[in-house]
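Visitor: I would like to learn how to read the features of a model like this one, step by step. Where should we begin?

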Amino acid sequence: MLAILFAAGLATGDLQAQKAGEEIGYPGEAFAKLDTFEGLNLEDADKLYNKQDFKGAYAAYKAYSFEFPKSEALPYVLLRMGRCLHKLDKRNAAIKAYQDVVDYFPDDVRYAAAALYHIGECHGQNGDGAKKTAVWARMVKDDDYVAQPNSGSALTYLGKAMEELGRFDEAAEYHWRTAVAFLKSNPRAAEEARKAVLAHYAVRSPNHDKLKEFYVAANGFDGRGQKTDNPEEDPRYWSAALGSALGTGDPEKRVEACSYWSAKMGDRFKEHDDLRKLWCDAQMAHEKDRDSWVARMEKQFAEKSADVDRVLQWCGYYNVVPELRAKFFADRIKEFLPGLKTPEKLSLMNRLRHPLGMHEEAQQVMRTVSTDGMSDEELRKFADFVANYESEEVVFRYFARMKDKLFATKSRFDYYNARSHRNPPNMEKALAELPELLKSPKYSGGLMLTKARLLQGLGRHEEAIKAFRAANEQPASTWGITDCLVALGSYDQAIKTVRELEAVGGGVASQACMKAADIYRVSGDKGREVNQLRTVLKRYPKSRESSDAHNRLESYGVALTGGEAEAEE
């Protein structure tokens, strides 16, 4: 089967001109050869299709087929008639229209192959997987049809279908063909196919020779083709094979694949730490011997001179064994810690906290840092780190040492504000720091809006409304005012506020219209809420709010008609 598929070739200019999933248009050079009436009629039909007026387009294409039965564009027109019916969910009629293309114009490969592809789509959407499989299998057996971009998606589907039937070697052949032939014209299908072939020859049926051959043919496992001609000496090849073996969820397959690939790779690539880590992991997966794994990892650590970066790299490798990681760090870092300068210690403790999550070790380093001579900005950064572990009292000692007292005020405000979520005491403390900051041109920007939100969080809604108005940052201020009015029970005023925002237009209009429905719901006025939801559907049918309104009305059991029922979902 594989030989047959490869014989089909990578072929044709169409494959370069068209991407998978794109609608097939009528080529410009062919259009130029049509007579004037033909061209005008075809152009009119295409315009209707592009506007998604599929009923109108179908009528126009059908009229064209009657008026110009010998036109060179007829295969395209018949295909478009099928597409219109398909788009209108008249799939059985669409199948017949597509079949006309295949029956009458089988040698017009561009259109016949597309018709077969869409016939398979229709069968699948009708719930008939067997017919979908049969049609697409027919398509990919044709040397010309299989070279068309959408055939990549068909091959991917057929590969998965063979997998479901347990015919894994056949599935791998389909996926192999897809990965090689559709690298550029259907990159998504090619990517999925590469993953499938890798999984097959790395895990399900480990085969170094086959996988090497595929690696070269498919331009590598990423499809980029950057120096992929010698997989035996390519760390990327071995990383993918070992990573796949280790990543499988089948315990038996994992042991088998890890044993196979660790033996195939052997004790090589000592300059590549990440690859060697995978190799050590693969050996442990089948040997079940942690002591041997540690010995190999320690040996690899010794392959290069040690420094702080290398110590942290190994801490990352040891993250699955916290006690081993802690001991390793304690043993190795003492050689370097005394000689580190303050900026280096700050960097070290931050890296220990994230991404390594070594909090005890981060605090140990933190406690060795001397803050003597630090600038205000450096004190702030250090205090922010300390705040992750120490009390407010300890943190504020560093703020108190700052020479710029307004900067210290800003630091205290930021501390409280960052911890104000559902924390009224911290909201109050943050507000207490604001008066001085609001007087400062350097720090006042955006703080009035923050003040308004803090007041809102404390339930001081009248004060919050004044602050939102003073901030006048739109639309955030108007949303805040609206929420405060709702909280105060001033529903009519809240509705008036969002109506004014809707009148401004733009992207916020649909949100404001939907907000009115939410206000009616909170107020308990179900009738007005339903009417408002209908308004959202009519005014903003393509918006996300329309989808939300549609779903809410359906949940209420409200019957939808006409344009309402067709709103975006």
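Guide: Let us begin with the record, bearing in mind that UniProt positions are given in the numbering used here and that annotations may be inferred rather than shown by experiment. The model itself is predicted. With that caution, UniProt places the feature "repeat: TPR", from an unreviewed entry, at residues 75-108.

Visitor: What are the helix and strand percentages over residues 75-108?

Guide: Over residues 75-108 the chain is 79% helix and 0% strand, while the C-alpha atoms at the two ends of this stretch lie 7 Å apart. The annotated range 75-108 takes in D107, a residue of the loop between α7 (91-104) and α8 (109-125).

Visitor: Is D107 buried or exposed, and which residues form the negative surface patch?

Guide: Exposed means over 50% relative accessible area, and D107 counts as exposed because its relative accessibility is 73%. The negative surface patch is formed by D107 together with E72, D108, D143 and D144.

Visitor: Why does A282 count as buried?

Guide: The term buried applies under 20% relative accessible area, and A282 counts as buried because its relative accessibility is 0%. A282 lies in helix α16, which spans residues 273-287, and its C-alpha atom is separated by 7.7 Å from that of A245, although the two residues are 37 apart along the chain.

Visitor: How should I read the backbone angles, and which residues does a cis peptide bond join?

Guide: The general idea is that most peptide bonds are trans, and that most residues other than glycine have a negative phi. Here a cis peptide bond joins H354 and P355, with omega at about 20°, and P355 is found in the loop between α20 (342-353) and α21 (359-366). A cis peptide bond also joins Q474 and P475, with omega at about 5°, and P475 lies in the loop between α27 (461-471) and α28 (476-487).

Visitor: Which residues have a positive phi although they are not glycine?

Guide: K227 has a positive phi of about 50° without being a glycine, and this residue lies in the loop between α13 (208-217) and α14 (235-247). N472, likewise not a glycine, has a positive phi of about 50°, and N472 is found in the loop between α27 and α28, the loop that also holds P475.

Visitor: Are K227 and N472 buried or exposed?

Guide: K227 is exposed, with a relative accessible area of 74%, and N472 is exposed as well, with a relative accessible area of 51%.

Methods. Residues are numbered from 1 along each chain as its sequence is written. This is a predicted model: local features need pLDDT of at least 70, side-chain atom pairs count only at pLDDT 80 or more; totals for chains, interfaces and linings use all residues. Side-chain values use heavy atoms; hydrogens and water are left out. Patches are made of residues with over 30% relative accessible area and no salt bridge: like charges are joined within 9 Å, nonpolar side chains (Val, Leu, Ile, Met, Phe, Trp, Tyr) within 5 Å. Accessible areas come from the Shrake-Rupley method with a 1.4 Å probe; for residues, only the protein chains shown count as cover. A salt bridge is a side-chain nitrogen of Lys or Arg within 4 Å of a carboxyl oxygen of Asp or Glu. Lys and Arg count as positive and Asp and Glu as negative; His and the chain ends are not counted. The place of a charge is taken as NZ of Lys, CZ of Arg, CG of Asp or CD of Glu. Helices (H or I, at least four residues) and strands (E, at least two) are DSSP runs, numbered from the N terminus. Buried means under 20% relative accessible area, exposed over 50%, partly exposed in between (1.4 Å probe, protein chains only).
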